[in-house]
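Here are my notes for a colleague opening this entry for the first time. Please keep the viewer at hand and follow the points in turn.

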Amino acid sequence: MIVITGARLIDGTGTAPVPDAVVVVEGDRIQAVGRVGQLAVPDGPGVTVFDARGKTVMPGIIDAHDHVSSHGYGLADRLGLTKPLSLIHLETAAILRDTLACGATTVRDGGGLDLGFKLAIDQGLIPGPRTRIALGFISPTGGIGDRTTASGAAIPPPPGLPSGVADGPEAVRARVREMVRAGADVIKTATTGGVSSARRGPLDAEYSRAEMEAMVDEARILGKKVMCHALGGPGLRTAVEAGVHSIEHGGYLDLDPEIAKMMADRGIFYVPTFMVYVFHGSERAGAAYMQSRAREMKDHHIRSLRLAMESGVKVAMGTDAGGYVHGQNLMELHLMVAAGMTPMQAIVASTRTAAACLEMEHEAGTLEPGKLADLLVVDGDPLDDIALLQQRDRLHLVMKGGEPFVNTLAAVSTVTPPPGL
């Protein structure tokens, strides 16, 4: 049993912080949460007590959109041509370890991570966050998920990742089945081009309404939901009208305010992913068109978040920044605050709402009895300065399922069972 005592508690529900809190962890679950003096602090054999006064205890961060196995935006890097496959896999394992160490205890991978990594984490072979995987994009010929050379020649996907190219409703249904067969937890698609796609821009439509309805329906039959890359224009409306589970990016949502109301009415999540567009718009971007598109979208993106919040859309945190950086996932909270959220709203978007987006709300996202003990202890108050969450030296405890992965807290009381018990 582990007891954290004296910290300020932000439980992820959006309610006011609780000072001098006690969090009791037994096994992989939270057993009790309360205040010092109101909740008895357990003592006895097998109990470790950590004094966290002056610090904040909060749920582990959930990144609802990352690409953990991405190693760059260069064509050769994206096609795995620069390194042996075994080295790429080992680098991905190191990225997973670092992602957990930065405080992201759960990640929904939007394409690229195969089932083997998820199983390796679940079986304790490598450390990493809890994962929900999409495997890859389902998109039409010439779409954002169609892997080709510069001259348009098709490139097969890496081992373990099915091709996502599909044209027409029946082919789309078949691709959904193949993704689920290969281990997908969620179906990933796109109804628009993107900032990084050379041929199809952010407002260019991809799939038809009939194709999207077939995809959503087939996913539903197989017990899965659809996360949809959609930035704006007719393609964004098509995705919403077809009933996808979440809109990823939505940087031009502000151009059609009616869509935000539709999303709110239908319970569709919005994952804005500011972080990737900061990098797309910087000199780190691989092409001039990426920089100009990202910069042109910036103000629209901010207005889109504010519109979504005003309309009652459920906003979840996601970074999508794996092609540029790893292990800096908590930067997204700072960007969401800069775009108009309060620090508490950004934390809720990164915990409770993100858990709901991943359909894990009964297991994770808040610090409540019975839920998984995925939590952080940070020095200071992120409600005063959300940026402190990015500072690794202020992150004193990262716990996943009751097991400390990062821990610089000193135990003030450790009692172990006598030999033989």
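1. Start at a hairpin. Strand β17 (residues 403-407) runs antiparallel to β16, and four bridges join them. One bridge pairs Lys-400 with Glu-403 of β17. Two residues lie between the strands of this hairpin, and Gly-401 takes a positive phi near 60° there. Keep in mind that this is a predicted model.

2. Now look at the other partner of β16. Strand β15 (residues 375-379) pairs with β16 in the antiparallel sense, again over four bridges. Val-378 stands opposite Leu-395 of β16.

3. Is β16 enclosed or open to its surroundings? Strand β16 covers residues 395-400, and six of its six residues are buried. The strand is therefore largely enclosed by the rest of the structure. Buried here means under 20% relative accessible area.

4. Move to the parallel sheet. Six strands make up this open sheet, in the order β9-β10-β11-β12-β13-β14. Strands β9 (137-138) and β14 (314-315) stand at its edges. Each has a single partner strand, so one side of each lacks a neighbour in the sheet.

5. Check the β14 edge. Its pairing with strand β13 (residues 269-271) is parallel and rests on two bridges. Phe-269 has Lys-314 in β14 as its bridge partner. In general, strands of a sheet pair through backbone hydrogen bonds, either parallel or antiparallel.

6. Next, the packing. The largest nonpolar core holds 90 residues. Which of them touch the most other members? They are Met-215, Val-244, Ile-247, Leu-253, Met-263, Tyr-270 and Leu-333. Helix α9 (residues 288-311) gives this core its largest share, six residues. A second, separate core has 18 residues, including Ile-4, Ala-21, Ile-30 and Ala-52.

7. Leu-333 deserves a close-up. Leaving aside residues up to four places away in sequence, Leu-333 touches Ile-61, Met-317, Ala-346, Ile-347, Ser-350, Ile-386 and Leu-389. Nonpolar side chains tend to be buried together in soluble globular proteins.

8. Finally, confidence. The average pLDDT of the protein is 93, and 96% of the residues score at least 70. Where does pLDDT stay under 50? That stretch is residues 415-421. For residues 415-421 the model has nine contacts beyond four places in sequence.

Definitions and conventions. Residues numbered from 1 in each chain as written. Predicted model: local features only at pLDDT ≥ 70, side-chain atom pairs only at ≥ 80, totals over all residues. Heavy atoms only, no water. Pairing = 2+ DSSP bridges. Buried < 20%, exposed > 50% of the residue type's maximum accessible area, 1.4 Å probe, protein only. Core = buried A, V, L, I, M, F, W, Y, C linked by side-chain atoms within 4.5 Å. Contact = heavy atoms within 4.5 Å. pLDDT = per-residue confidence, 0-100.
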